[in-house]
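Open the model in your viewer and keep the sequence panel beside it. We will go from stop to stop, selecting a few residues each time.

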Amino acid sequence: MGCVADERLLAFRFDCGAPWLNLLATRGRAFGGRPVERLYSPARLTEWLARGELAPARAADRSDLERARELRETLRALALPTVAGDPPPADAAAALTGFLAAHDDPVRLATGDRLTRPAPATATAALARVARQAVDHLTGPGRHTLKTCPELDCRAVFADTTDRRRWCPSPACASRGRVRALRARRGDGPASPPAR
Ligand SMILES: [Zn+2]
């Protein structure tokens, strides 16, 4: 750690199109041989939440961090089949239902200069807000805008409302993919990426 490349690798991504999709992206290269854990400490989780205007009243602790990583992988397990048009795993759906039931967070709106909700009491309560957005996104019409990055070590899920993107918003994926496509066209590489 400490070198520029590592820092870039550990930077959070907020370009996936929704807070819950950005949560998925806190594990980089999730399907490669060396995944990158960007939520590596409770303080890092507090920072991630704060950058999404979900700073909890009490800073995240170890158990919040564990729940965040668990929730992230549950959401990933539900998102990938949803994008592919496959049936989602029942155990992940049950886990998400259970998480939301255990961390009910009733909406209490306040008016003032603008419409607000009180800050979530804990990081887990903040995560419950993110999880609820995921549920609405995955079960509503917004699910049709979801795509999976074709880079096999990435497979980031992102929202593409304009339907113009092929790769996830990470510039690295698009440039790698284009180089491969170019090689294939010139005939000095595999004709298509290997099937997963
Ligand atoms: Zn990607």
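What spacing do the donors of the zinc ion follow along the chain? The answer is C-x4-C-x13-C-x4-C. Keep in mind as you look that this is a predicted model.

**Stop 1: the zinc ion**

Select the zinc ion, then Cys 149, Cys 154, Cys 168 and Cys 173. The SG atoms of these four cysteines coordinate the zinc ion, at 2.3 to 2.4 Å. Now check the angles. The four donor atoms subtend 105 to 114° around the zinc ion, so the arrangement is tetrahedral. For comparison, the ideal angle for four tetrahedral donors is 109.5 degrees.

Next, keep just Cys 149 and Cys 168 selected. This pair links distant parts of the chain, 19 residues apart. Cys 149 is in the loop between strand S3 (146-148) and strand S4 (157-159). Cys 168 is in the loop between S4 and helix H7 (171-186). Are these two cysteines buried or exposed? Both Cys 149 and Cys 168 are buried.

**Stop 2: two unusual backbone angles**

Stay in the loop between S3 and S4 and select Arg 155. Its phi is positive, about 50°, although Arg 155 is not a glycine. Why point this out? Because most residues other than glycine have a negative phi. Arg 155 counts as buried, because its relative accessibility is 18%, and the cut-off is under 20%. Add Phe 31 to the selection: Arg 155 lies over the face of Phe 31, at 4.5 Å from the ring centre.

Now move to the loop between S4 and H7 and pick Asp 163. Asp 163 is not a glycine, yet it has a positive phi of about 55°. With 58% relative accessibility, Asp 163 counts as exposed.

**Stop 3: an aromatic pair**

How many aromatic pairs does a search of the whole structure find? The search finds one. Select Phe 12 and Phe 14. Their ring centres are 6.1 Å apart and their planes are at 70°, so the pair is edge-to-face. Phe 12 counts as buried, at 9% relative accessibility. Phe 14 is partly exposed, with a relative accessible area of 33%. Add Arg 44 to the view. Its charged end sits over the ring of Phe 12, 3.7 Å from the centre.

**Stop 4: the nonpolar core**

Select Trp 20 and Leu 45. These are the residues with the most contacts inside the largest nonpolar core, which has 43 residues. Colour the elements that give two or more residues to this core: helix H2 (19-24), helix H3 (42-51), helix H4 (62-84), helix H5 (90-102), helix H6 (123-139), S4 and H7. Which element gives the most? H6 does, with eight residues.

Zoom in on Leu 45. Leaving out residues up to four places away in sequence, Leu 45 touches Leu 39, Ala 60, Asp 64, Leu 65, Ala 68, Ala 123 and Leu 127. In soluble globular proteins, nonpolar side chains tend to be buried together.

**Stop 5: a link between distant residues**

Finish with Ala 57, in the loop between H3 and H4. Ala 57 counts as exposed, at 66% relative accessibility. Select Ala 119 too. The two residues are 62 residues apart along the chain, but their C-alpha atoms are separated by 6.1 Å. Which residues are in contact with Ala 57, leaving aside its neighbours within four places in sequence? They are Pro 120 and Ala 121.

Technical notes: Residues numbered from 1 in each chain as written. Predicted model: local features only at pLDDT ≥ 70, side-chain atom pairs only at ≥ 80, totals over all residues. Heavy atoms only, no water. Donors = N, O, S within 2.8 Å, 3.2 Å for Na, K, Ca; no water. Tetrahedral: all angles 85-135°; square planar, octahedral: opposite > 155°, others 65-115°. Helix = DSSP H or I, 4+ residues; strand = E, 2+ residues; numbered from the N terminus. Buried < 20%, exposed > 50% of the residue type's maximum accessible area, 1.4 Å probe, protein only. Phe/Tyr/Trp six-rings, centres within 6.5 Å; stacked < 30°, edge-to-face > 60°. Lys NZ or Arg CZ within 6 Å of the ring centre and 35° of its normal. Core = buried A, V, L, I, M, F, W, Y, C linked by side-chain atoms within 4.5 Å. Contact = heavy atoms within 4.5 Å.
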